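Colleague: I would love a close look at the nonpolar core of this protein. Could you walk me through what builds the core and what lies around it?

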Amino acid sequence: GYSNVVYGIISNIGDRTAYNITYEITIQGRFNGAIYHSSVGALNEIFPNSAFPIIITDTHGFCPIRVDMNV
């Protein structure tokens, strides 16, 4: 299969600092549901006009997938 990186970006586009941010990014796929990767975490703060990437590395496979990210 192929090796890829899947990521999402949490951005603070407001004019105040965002506090106590929790996140989860999940990859699910393959024809029989065999691919499943998840990353869960928390950030204390994101300053205005700043961003934070959430990354899942070392994903392998060749198939349709679904990526969900909740913040």
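Modeller: Happily; I will start with the whole chain, go into the core, and then come back out to the surface and a few single residues.

A word on the ground rules: this is a predicted model, in which local features need pLDDT of at least 70 and side-chain atom pairs count only at pLDDT 80 or more, while totals for chains, interfaces and linings use all residues. Residues are numbered from 1 along each chain as its sequence is written, and side-chain values use heavy atoms, with hydrogens and water left out.

First, the setting. The protein has five strands and zero helices, so called because helices (H or I, at least four residues) and strands (E, at least two) are DSSP runs, numbered from the N terminus. Read from the N terminus, the order of elements is β-β-β-β-β. Along the principal axes, the C-alpha atoms fill a box of roughly 45 × 15 × 15 Å. The radius of gyration is 14 Å, whereas a compact globule of 71 residues would have one near 11 Å; the radius is taken over C-alpha atoms, and the globule rule is 2.2 Å times the number of residues to the power 0.38. Of the 71 residues, 25% are buried. Here buried means under 20% relative accessible area, exposed over 50%, and partly exposed in between (1.4 Å probe, protein chains only).

Now to the part you asked about. The largest nonpolar core has 11 residues: V6, I10, I21, Y23, I25, I27, I35, L43, I46, I54 and I56. Such a core is a set of buried Ala, Val, Leu, Ile, Met, Phe, Trp, Tyr and Cys residues joined through side-chain atoms within 4.5 Å. At least two core residues come from each of β1 (2–12), β2 (18–29), β3 (35–46) and β4 (50–61). The biggest giver is β2, with four residues. In soluble globular proteins, nonpolar side chains tend to be buried together.

V6 is a good place to see the core from the inside. Leaving out residues up to four places away in sequence, V6 touches I25, I27, I54, I55, I56, T59 and V67, where contact means heavy atoms within 4.5 Å. In the protein as a whole, among contacts between residues at least 6 apart in sequence, 71% join residues at least 24 apart.

H37, in strand β3, also reaches core residues. With residues up to four places away again set aside, its partners are I25, T26, I27, I56 and T59. H37 itself counts as partly exposed, at 29% relative accessibility. Its C-alpha lies 17 Å from that of I9, and the two residues are 28 apart in sequence.

I9 brings us to the outside. I9 is in strand β1 and, together with V5, Y7 and I55, makes a nonpolar surface patch of about 410 Å². Patches are made of residues with over 30% relative accessible area and no salt bridge: like charges are joined within 9 Å, nonpolar side chains (Val, Leu, Ile, Met, Phe, Trp, Tyr) within 5 Å. The largest share of this patch, three residues, comes from β1. The accessible surface of the protein comes to about 5,200 Å², of which 50% belongs to carbon and sulfur atoms; these areas come from the Shrake-Rupley method with a 1.4 Å probe, and for residues only the protein chains shown count as cover.

Back in β1, N12 is a buried residue, with a relative accessible area of 9%. Beyond its neighbours within four places in sequence, N12 is in contact with T17, A18, I46, F47, P48, N49 and S50, and I46 belongs to the core. N12 and P48 are 36 residues apart in sequence, yet 5.4 Å apart in space, C-alpha to C-alpha.

One of those partners, N49, sits in the loop between β3 and β4. N49 is exposed, at 67% relative accessible area, and has a positive phi of about 60° although it is not a glycine. Most residues other than glycine have a negative phi. N20, in strand β2, also has a positive phi, of about 55°.

Lastly, the structure holds one salt bridge, between the side chains of R66 and D68 (3.0 Å, N to O). The term means a side-chain nitrogen of Lys or Arg within 4 Å of a carboxyl oxygen of Asp or Glu. R66 is exposed, at 52%, while D68 is partly exposed, at 27%.
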